[in-house]
Amino acid sequence: EREDGSGVCGTAGFYPVCLNGEIVVEIRKMYLDQTMRGRGLGRFLLDALEARVWQLGYRHVVIETASVLREAVGLYHSAGYRALQGSKNPTLRCDMMLEKRLGVAVDQVEGSDIPCERGDVVDEKGFLLIPGVLRAEIRKLAVTHYGVGILVVNHQGRVVVHQRASQKKPYPNHFDMFVGGAVASGENALDAAQREVAEEIGLHKLSYQYVFDCVCTTPENRCFVTVFRAEGDFDERDLTFQKEEVATGELMTREKLAQHIRHRPYVSDGLLVWDLCKKFLIDGSFDLSTAVAEAESTHKPSGASN
């Protein structure tokens, strides 16, 4: 509706249909008055439709359109829609059928081998708002998204502390007592945690425990973080660092970490989560069993082990 209430300036809708035996959602009647075009309202409508489709549990979206509608086709392509393979001309007025899988973690840009990472935009309580948003867009708009932070500890009670690579933004060359990163669109938090640990420090056979969720808000990032504690039988010789992400790292006791924090630059997000963890830590160690017990009484991500 127009801001002055003088009438409707755009429409959009969707409904489920059966396509080759699969229930999909077809987006229909995407239209904006010519006087309202060029303001980003078309993308706004499309994002709102996809968010509602996701909330209703559908993941496959199709659109019928005509190639002569170049602006509309350009909008759909920029939003990740691609030609539906094997489709015939849908109707007399439309000669194109496009599709998109919502929540796909990585989407290939047409004509390029470079993956475009996507994440999900959420509210301050972790409820999904818009799925499948490009990470670059999330950073540009500074919206809240899913992330994970993992305190990685060996059986001797020492934590992995790493230094970020010099080219890693934000916080180049800063230290962190958490392995962490963004959760890909549609990805489970535990799967994301295991992936980040394997990629960044090369550890695989660890036992993961869910600790708590929290919201980290810094000038550089807004993230709904799921925190895990991961423990395993390893030493520094077993650590393999991803050079694009990590410059170096070592195992530290609780006492050494406290001294290190006072004299070295640390990632703001990590320090925020660390302050929350310290409320639960037992006897100067990295034992978070109090927090784990409390978390298990209320919530536990699928697949986390005791």
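The buried residues of helix α1 pack against many partners: the strands β1 (10–19), β2 (22–32), β3 (60–65), β5 (96–101) and β8 (128–134), together with helix α2. Keep in mind as you look that this is a predicted model.

Which residues of α1 are buried? They are G42, L46, L49, E50, A51, V53 and W54. Try finding them along the helix, and notice how they are spaced. An α-helix has 3.6 residues a turn, so residues three or four places apart point the same way.

You can also check the length of this helix for yourself. Helix α1 covers residues 41–55, which makes 15 residues. The expected span is 1.5 Å times one less than the number of residues, so α1 should span 21 Å, and its end C-alpha atoms are indeed 21 Å apart. Just after α1 comes G57, where phi is positive, at about 100 degrees.

Now move along to helix α2, which runs through residues 70–78 and holds L75. What does L75 touch beyond its neighbours within four places in sequence? Its contacts there are M30, G42, R43 and L46. Two of these names should be familiar, since G42 and L46 are among the buried residues of α1. L75 also gives you a nice example of how a chain folds back on itself: L75 and G40 are 35 residues apart in sequence, yet their C-alpha atoms are 9.8 Å apart in space.

Step back and look at the protein as a whole. Its 306 residues include 40% that count as buried, and the chain forms seven helices and 15 strands. Among the contacts with a separation of 6 or more, 60% are between residues 24 or more positions apart. The accessible surface comes to about 16700 Å², and carbon and sulfur atoms make up 50% of that area.

Finally, let us turn to the cysteines. How many disulfides are there? The count is zero, going by the rule that the two cysteine sulfur atoms must be within 2.5 Å. Take C214: the nearest cysteine sulfur belongs to C216 and is 4.3 Å away, so C214 is in no disulfide under that 2.5 Å cut-off. C223 tells a similar story, because its closest cysteine sulfur, again in C216, is 6.8 Å away, too far for a bond. Are these two cysteines buried or exposed? C214 is buried, with a relative accessible area of 8%, and C223 is buried too, at 5%.

Terms used
Residues numbered from 1 in each chain as written. Predicted model: local features only at pLDDT ≥ 70, side-chain atom pairs only at ≥ 80, totals over all residues. Heavy atoms only, no water. Helix = DSSP H or I, 4+ residues; strand = E, 2+ residues; numbered from the N terminus. Buried < 20%, exposed > 50% of the residue type's maximum accessible area, 1.4 Å probe, protein only. Contact = heavy atoms within 4.5 Å. Areas by Shrake-Rupley, 256 points an atom, 1.4 Å probe, with all protein chains shown as cover.
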